[in-house]
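Biologist: I am new to this structure and would like to go through it one question at a time. Please show it to me before we start.

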Amino acid sequence: MSVPTGLPEPEVLVRTEGRAGLLTLNRPRAINALTHGMVRRIDEALTAWEHDPAVTTVVLRGAGERGLCAGGDIRAIHDDARAGGTATVDFWRDEYRLNARIARYPKPYVAFMDGIVMGGGVGVSGHGSVRIVTERSRVAMPETGIGFVPDVGGTHLLGRAPGELGTHLALTGTPAGAADAILTGLADHFIPSADLPALAAALTTEPAADAVARFARPAPDGELAARRPWIDACYAADTVEGIVARLTDSGVPEAKETATVLLTRSPTALKATLAAVRRARATDSLEAALNMEFRLSCAALTSPDLVEGIRAQVVDKDRNPRWTPPTLAEVTEEATERWFAPRAAGELGLTPPGHPEN
């Protein structure tokens, strides 16, 4: 007779098979939303495998059928922000350090970006050296819809997208399919989802580059390439108000619809996000972008829009956030600049390899 252990299922499944270290995010009911414990467990596994000559490739997957990872546990963030706690800041500090570590990891880090990959899910996959998307992929940084800003290195990734495509994705939170994720630099290869189990098996026996090359296929057509002329023209404006005006006046129905979408987002988050993407574009490293994002995240945690945005989208689900202030015109340049100031929580303090402080 089997005796139940009563132990909960691990939130990250960690094992080795052949030459591969296998990480499976294991909260399928929450689309594998990240907790602080998951971030720590991933980091521990990466430490062990970095110094294990038997492990030559790391593979990241998500349990269940819905996606790799829907982001951080925003309900927990909502509750912590309402209580004035420090758990969220501690979580972000470790999460952003993990994002930087993934980007610098010395072994192939293969991320299966199948299904929903949002927010923190981009952080644990989009900085990997081998990023796989499928016909089911929906890759997004939807933070402005909850009064937040793209973090986990999202400003770094989107700031380097061709033209103004990254600005568009950052401000609207629009999900990118496989081809658009590859076009914007969020992913590298398209592989049909049905082939992922066979690819995972191949990665345990052969070099990552060889296995991926054997399974990679041309991605189905995306949407952003055809839309780039009006996106580049409209998002080149200096301000969010200017972007909205250009979208509205462009004569392109899709652009006008996009203006309507932007006006539903947090005005404060929109202005902070535009400034952040443009500053990240001018920085020389992911670490610099993460340091900036840490300041922004801490600022958002004490602003009314983050709690209100999560309430409207996740807690009460009325989809009717009441932003403070409610209009773009009421968000001053001085108010936006305060989001970039050093925070009482301290600095993240990341430095890139080769920096004099290292």
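Modeller: This is a predicted model, and the questions below go through its cores, helices and charged pairs.

Biologist: Which helix gives the most to the largest nonpolar core?

Modeller: The largest nonpolar core has 87 residues, and Leu23, Leu25, Leu46 and Leu247 touch the most other members. Ten residues of this core come from one helix, spanning residues 286-301. That helix is α14.

Biologist: How many residues are in the other core, which lies apart from it?

Modeller: Its members include Leu22, Val59, Phe112 and Val130. This core lies apart from the one with 87 residues. The count for the other core is 17 residues.

Biologist: Which residues of helix α11 are buried, and on how many sides of α11 do they lie?

Modeller: Helix α11 covers residues 240-249, and its buried residues are Val240, Ile243, Val244 and Leu247. They span an arc of only 95° around the axis, so they sit on the same side of α11. An α-helix has 3.6 residues a turn, so residues three or four places apart point the same way. The residues asked for are therefore Val240, Ile243, Val244 and Leu247, on the same side of α11.

Biologist: What do the buried residues of α11 pack against?

Modeller: Just after α11 comes Gly251, with a positive phi of about 80°. The buried residues of α11 have four helices as packing partners: α6 (165-172), α10 (224-235), α12 (253-262) and α13 (267-282).

Biologist: Which helices are included in what covers the buried residues of α2?

Modeller: In α2 the buried residues are Ile77, His78, Asp80 and Ala81. After α2 comes Gly84, whose phi is positive, near 70°. The cover over the buried residues includes α3 (87-103), α14 and α15 (304-315).

Biologist: Glu293 is buried yet has no salt bridge, so what is the distance to the nearest side chain of opposite charge?

Modeller: Glu293 lies in helix α14. A salt bridge needs a side-chain nitrogen of Lys or Arg within 4 Å of a carboxyl oxygen of Asp or Glu. The nearest side chain of opposite charge to Glu293 is that of Arg160, at 8.9 Å.

Biologist: Which backbone nitrogens does the side chain of Glu293 reach?

Modeller: Leaving aside neighbours within four places in sequence, Glu293 is in contact with residues including Tyr96, Pro150, Asp151 and His156. A polar atom of its side chain lies 2.6 Å from the backbone nitrogen of Gly153. The side chain of Glu293 also reaches a second backbone nitrogen, at 3.1 Å, which belongs to Val152. The two residues are Gly153 and Val152.

Biologist: How many residues apart in sequence are the parts that Asp73 and Arg27 tie together?

Modeller: Asp73 and Arg27 form a salt bridge, with the closest N and O atoms 3.8 Å apart. Asp73 counts as partly exposed at 22% relative accessibility, and Arg27 counts as partly exposed at 21%. Asp73 is in the loop between β4 (67-69) and α2 (74-83), and Arg27 is in the loop between β2 (20-25) and α1 (36-50), so the parts tied together are 46 residues apart.

Biologist: Is Glu164 buried or exposed, and which residue is its salt-bridge partner?

Modeller: Glu164 has a relative accessible area of 11%, so it is buried. Its loop lies between α5 (154-159) and α6, while the partner is in helix α13, so the pair ties together parts 117 residues apart in sequence. The partner counts as partly exposed at 31% relative accessibility. The closest N and O atoms are 3.5 Å apart, and the partner of the buried Glu164 is Arg281.

Biologist: Which residues are linked in a network of salt bridges?

Modeller: The count of salt bridges in the model comes to 21. The residues linked in a network are Glu308, Arg311, Asp316 and Asp318.

Biologist: How far apart in space are Val139 and Pro175?

Modeller: Val139 lies in strand β8 and is buried, with a relative accessible area of 1%. Its contacts beyond four places in sequence include Met113, Val117, Thr174 and Pro175. Val139 and Pro175 are 36 residues apart in sequence, and their C-alpha to C-alpha distance is 5.1 Å.

Note on methods
Residues numbered from 1 in each chain as written. Heavy atoms only, no water. Core = buried A, V, L, I, M, F, W, Y, C linked by side-chain atoms within 4.5 Å. Buried < 20%, exposed > 50% of the residue type's maximum accessible area, 1.4 Å probe, protein only. Helix = DSSP H or I, 4+ residues; strand = E, 2+ residues; numbered from the N terminus. Lys, Arg positive; Asp, Glu negative; His and termini not counted. Polar contact = N/O pair within 3.5 Å; in protein donor to acceptor, adjacent residues only side chain to side chain. Contact = heavy atoms within 4.5 Å. Arc of directions from axis to C-beta.
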